[in-house]
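Below is a briefing on one protein structure, arranged by topic for a reader who will want the cut-offs alongside the values.

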Amino acid sequence: MFYPRYTNRKEPEMPNIKWGYAINQWNPVRREQQERAFKQMSVCGFRGVELNEGSGRWEPLGRPELTELNFGSVHNFVDFLHQCGIDQVASFFYDPGLYSAEESSYGRSPANPKDHEGILESIRTFATFLRDVGGSCIVVRPTGSYWREAPLTEEKFKNIAECWNKVGKMTKEHGIQTALHVDCLCAIHSMADIDKILELTDPDLVGLAIDTAELTITGIDPLRLYDKHFSRVKHFHFKDTHAVDTLDEYKNVNAEIQLLDGGGKREIERWFWEMGTAEGLVKFPALVKLMKDHAYKGWIIVESDRSPNPAESTMLNSWYMKYVLSKI
Amino acid sequence: MDHWVTHSPRGPVSQYLSVKYVDRFIKQIAALGFMGLDTFGFRLSHLATLFGSAKKFEEFIQDRGMEKIVSVFQAYPYVSKTRAPHVRATHDAIFQDCLDIIKGCQGLTVESFVVMPSSTYWQTEPVTDEKIKIMADLWNRVGKMTREHGIKTTCHHEFWGAIRTMDEIEKFYSWTDPNYVHYFCDTAQHVIAGNDPVALYLRYHDRCSGFHFKDTHNVDTKGEYRIPPDAELIAPSVQRWFWEMGTPEGLVDFPALMRAIKDYQYIGWLTVEHDKADIGGGNYAESTCISKWYIDNVLSKIYE
């Protein structure tokens, strides 16, 4: 009798949950780098991938048309994913404020009605792609950074809501959910802000994505937010953090560089961590228990952007998923 | 096999630096489904200090989903006045070292004591029959002792070691006792030396007690195995000898080896090894993922 002393691919036992991983920590450019990244996700038990919007020569997976140019067709790209052991594209992360050479855009703002048409048409491309690859969600940054957009007036809120209602209607026609993703620099920055944008948007068209670490850094308890708005929550990003932005440095000019990259005045060495570190602030078991109570059904995308070692982070998250969360 | 380097604020460090680092290391390999751990003899004392005993370390890995420490590795790659397998006068000292390691395994269920049977080729040459017999005598003696402790002594042949060719390997095993000295198949080391690991496994399958599954992109065609002080590290023509399974340039025929393992109904462990995976910017975690992907998607299917 032969007994190979390793176990084969074993799926976590969470029937309503599909586990995926975000590509952003690898940012793979060459085909073999892409292959290795997808294989790492796959062998760690993640069945879907969340792609990340990007533009130009460094982002061959950042836009549907770049993917088609590289792979010949969307179908070929899906085949490639399957060969690497990834079942599907789950979602796309999209920030309308980013530069896009392909759209000759230096960033658009949902708070500006003049940008709405551009945002709508831009996202249509991504929604079409997601529909074609069997994806389910476009995860969007609802508005720009606080230091650029603040103060968010009533009118700006109204404009932002109008933008996402239009986008949500369009993506729904493609069978794709639009979900607003609040990050630690975003102008929508408090529980009250989130309450407000959800109130102003149509629940049938616009959902919420909960990013556990981004919200915790912001000072928002992701469990409380989820409990309050669970019916609107359509997507999760699971990652941890060891620190909260207690000095409100998100308000500073160039907070992306000063705070997120540089660590701010406290020189935080690393904002984002794998699940399961002793210093982690996110209560993942309690959150998963709550998700079970609210019968959440859908994707959890694990993310470890800015990881110093993507493979290591993916393996550690895999362990936590299999040995802690799936037992809840 | 626990070759591994991890990052710290102080730069690259051992994964066994502290309990916190060990925790991260073990969780990574456990997450992928690896059940056994191969380690070095020199680590046992440190691990016992860190955890209270080797047994407590084993319990620590069991708490994280692994099963056990499978084997312990010991070697004398570099000749010293007091330790050189081809010098009979050093055998008492080597034997005592091995005995100390085996005693350090008490309380564990280690199955194999993996040894390099020789030192470097360049420090041993000319490799005569007499020297091979002296080395065989040493490992017969050690193997008898380890067997009394329920552990198999098994020999791992480096491409730069003094027992490296098919002829030298054949002589060595003909002069060692099959009850005491077993064969260990390191796939990449054999290929670099110009040998076929499948042929070697077929030849010594009844003495085979373990494997290191790793790949290489190069055969040593220039005789670089003789370069002092270490051909693995400073060979002029090859910067990185060892690669994870599943790279397009890999030379080891793993499917053929897996079929042979199946045909002969090998019972035991298959160990994945990444030796010096960080050369050229690689890292151990990624190599481990890629290897396990290859196991799950290619090698496992041979057993289905």
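How many disulfides does a search of the whole structure find over all chains? With a disulfide taken as a pair of cysteine sulfur atoms within 2.5 Å, the search finds 0 over all chains. This is a predicted model, in which local features need pLDDT of at least 70 and side-chain atom pairs count only at pLDDT 80 or more, while totals for chains, interfaces and linings use all residues. Residues are numbered from 1 along each chain as its sequence is written, chains are lettered from A and ligands numbered from 1 in the order in which they are written, and side-chain values use heavy atoms, with hydrogens and water left out.

**Cysteines**

- The sulfur of Cys184(A) has its closest cysteine sulfur in Cys186(A), at 9.6 Å, which is too far for a bond.
- Cys184(A) counts as buried at 2% relative accessibility, where buried means under 20% relative accessible area, exposed means over 50%, and partly exposed lies in between (1.4 Å probe, protein chains only).
- In chain B, the sulfur of Cys155(B) is 10 Å from the closest cysteine sulfur, that of Cys98(B), and this too is too far for a bond; Cys155(B) is buried, with a relative accessible area of 0%.

**Nonpolar cores**

- A nonpolar core is here a set of buried Ala, Val, Leu, Ile, Met, Phe, Trp, Tyr and Cys residues joined through side-chain atoms within 4.5 Å, and the largest one has 180 residues, with Phe38(A) and Phe238(A) having the most contacts inside it.
- Apart from this largest core lies another, of 12 residues, among them Leu185(A), Tyr250(A), Ala255(A) and Leu260(A).
- If residues up to four places away in sequence are not counted, Phe238(A) touches residues including Trp19(A), Thr212(A), Met275(A), Glu303(A) and Leu325(A), contact meaning heavy atoms within 4.5 Å.

**Helix 9 of chain A**

- Helices (H or I, at least four residues) and strands (E, at least two) are DSSP runs numbered from the N terminus; in helix 9 of chain A, residues 222-229, the buried residues are Pro222(A), Leu223(A), Leu225(A), Tyr226(A) and His229(A).
- These buried residues lie on the same side of helix 9 of chain A, because they cover an arc of only 165° around the axis, the arc being that of the directions from the helix axis to the C-beta atoms.
- The buried residues of helix 9 pack against helix 7 (191-200), strand 6 (206-211), helix 8 (212-218), strand 7 (233-238) and helix 11 (284-293), which also belong to chain A.
- At the start of helix 9 of chain A, the backbone nitrogen of Leu223(A) has a side-chain oxygen of Asp221(A) within 2.9 Å.

**Aromatic pairs**

- Rings of Phe, Tyr and Trp (its six-membered ring) pair if their centres lie within 6.5 Å, with planes under 30 degrees apart counted as stacked, over 60 as edge-to-face and the rest as tilted; the count by this rule comes to 40 aromatic pairs over all chains.
- Tyr226(A) and Phe236(A) form an edge-to-face pair, at 5.3 Å centre to centre and with 70° between the planes.
- Because Tyr226(A) lies in helix 9 and Phe236(A) in strand 7 of chain A, the pair ties together parts that are 10 residues apart in sequence.
- Both partners count as buried, Tyr226(A) at 1% relative accessibility and Phe236(A) at 0%.
- One aromatic cluster is formed by Phe38(A), Phe71(A), Phe77(A), Phe80(A), Phe92(A), Tyr94(A), Phe126(A) and Phe129(A).

**Backbone geometry in loops**

- A cis peptide bond with omega of about 0° joins Glu125(B) and Pro126(B), and Pro126(B) has its place in the loop between helix 5 (121-124) and helix 6 (129-148) of chain B.
- The peptide bond from Pro228(B) to Pro229(B) is also cis, with omega near 0°, and Pro229(B) lies in the loop between strand 9 (215-216) and helix 10 (231-234) of chain B.
- Asn27(A), a residue other than glycine, has a positive phi near 45°; Asn27(A) is found in the loop between strand 1 (17-22) and helix 1 (31-43) of chain A and is partly exposed, at 36% relative accessible area.
- Glu267(A) has a positive phi near 50° and is exposed, with a relative accessible area of 62%.

How values were computed. A polar contact is a pair of N or O atoms within 3.5 Å; within protein, one must be able to donate a hydrogen and the other to accept it, and residues adjacent in sequence count only if both atoms are side-chain atoms.
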